[in-house]
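Work through the exercises below with the structure at hand. Each task is followed by a stepwise solution.

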Amino acid sequence: MRPFNYLAPTRLDEALSLLTPQAVPLAGGTDLFLRMERRQTQPDTVVDLKRIPGMDGVEAVDGGIRIGALALMETLAASPLISDAYDALAQSARVVGSIQTRNRATVGGNLANASPAADTATPLMALGAAVEAADAGGTREIPVHELFLGPGRTVLRGGEIVTAVRVPALPARAGSAFQRCVRTAMDIAVVNCAAFLRLDADGVIAEARIALGAVGPTPMRSPAAENRLKGRRFDAAAAVEAAACAVEDASAIDDVRASADYRREMVRVLTRRAVEDAFRRAQGEA
């Protein structure tokens with residue numbers, strides 16, 4: 001790791017003014033420090049965001065929730081505002097790395113790092129969340145499903161950072177769930193999947209969102225699986241058919257962690273499980 005300047009602003013506007021092309025923001029650092037140690041990233045300046053107040057909480061806003069970008073994974077896992085309604089997000093936060101990692105890693109960093117296997121990306125996509133992004137010129141809102149361009153690449157402009165994540169209010173008769181497959185307890189996901197279902201008054205699936213991770217260059221939605229579910233009553237066949245559609249949408253590859261064939265089979269298994277679990281929760285079952 002080569003020498004760098006370390007800056008620790010205490011205001012957001014100050015931090016944004018310091019983010020030159022040669023500077024990188026620091027949130028939890030669980031990914032950044034590894035890249036710096038391996039000389040994959042060699043910034044002249046590191047701008048530590050952790051001393052900026054008001055960016056690490058979870059609050060109820062407009063019927064939904066607003067999560068500060070510096071909120072820790074352990075904060076997400078323990079928050080009643082999340083665990084009481086947003087099951088998929090709580091489930092994903094509880095399995096990120098080790099307890100030490102969960103007390104360093106932040107939700108903003110997990111998204112901005114743009115790993116195809118990011119555990120919070122798929123539940124946030126399934127829940128219809130958006131990130132708040134800011135730079136010296138102002139702020140904007142980006143749907144999470146539009147954030148990613150490729151491994152390590154997002155639509156964030158130079159000098160722009162994620163400041164918060166907004167998750168909309170959970171409708172009545174709706175539920176979500178998260179599933180993942182790993183090689184070891186603290187490894188990144190070989191495949192992960194999140195599902196969101198909303199039922200109408202007659203029990204028909206009115207809305208469905210299925211998101212997949214680690215099966216393509218970015219976390220992704222599965223339109224085919226969603227369309228297979230919408231407008232029908234849930235049964236075992238619906239979950240199986242949606243899972244088969246998700247396999248067709250996935251762009252699984254061979255790498256050191258798993259073969260493409262294994263990933264496709266895990267997409268089938270995890271999508272079915274996530275859809276079944278989301279349906280149970282939409283019906284009010286634990």
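**Exercise 1. Find the bridge partner of Ala133 in E10, then describe the pairing of E6 with E10.**

Step 1. Ala133 is bridged to Val162 in E10. Strands are DSSP runs of E with at least two residues, helices are runs of H or I with at least four, and both are numbered from the N terminus.

Step 2. Strand E6 covers residues 130-135 and strand E10 covers residues 161-167. The two are antiparallel and share 5 bridges. Strands count as paired if DSSP finds at least two bridges between them.

Step 3. The model is predicted: local features need pLDDT of at least 70, side-chain atom pairs need 80 or more, and totals for chains, interfaces and linings use all residues. Numbering starts from 1 along each chain as its sequence is written, and side-chain values use heavy atoms, without hydrogens and water.

**Exercise 2. Give the strand order of the open sheet of 5 strands, and name its edges.**

Step 1. The order reads E4-E5-E10-E6-E7, with antiparallel pairing.

Step 2. Strand E4 (58-61) and strand E7 (138-143) are the edges, each paired on one side only.

Step 3. From one strand to the next, the twist averages 25 degrees.

**Exercise 3. Do the same for the open sheet of 3 strands.**

Step 1. The order is E1-E3-E2, and the pairing is parallel.

Step 2. Strand E1 (5-7) and strand E2 (23-26) each have a single partner strand, so one side of each lacks a neighbour in the sheet.

Step 3. E1 is joined to strand E3 (residues 45-48) by 3 bridges. Tyr6 has Val46 as its bridge partner in E3.

**Exercise 4. Characterise the packing of H10 against H11.**

Step 1. Helix H10 (residues 236-249) and helix H11 (residues 260-282) pack at about 140 degrees, with axes 8 Å apart. Axes are lines fitted to C-alpha atoms, for helices over the stretch in contact, and angles run from 0 to 180 degrees between N-to-C directions.

Step 2. That angle makes H10 oblique to H11. Under 35 degrees would be roughly parallel, over 145 roughly antiparallel, 65 to 115 roughly perpendicular, and the rest is oblique.

Step 3. Contact means heavy atoms within 4.5 Å. On the H10 side the contact residues include Ala239, Val240 and Val247; on the H11 side they include Arg264, Val267 and Glu276.

**Exercise 5. Check the length of H11.**

Step 1. The expected span is 1.5 Å times one less than the number of residues.

Step 2. For the 23 residues of H11 this gives 33 Å; the end C-alpha atoms are 32 Å apart, which agrees.

Step 3. Just after H11, Gly284 has a positive phi of about 90 degrees.
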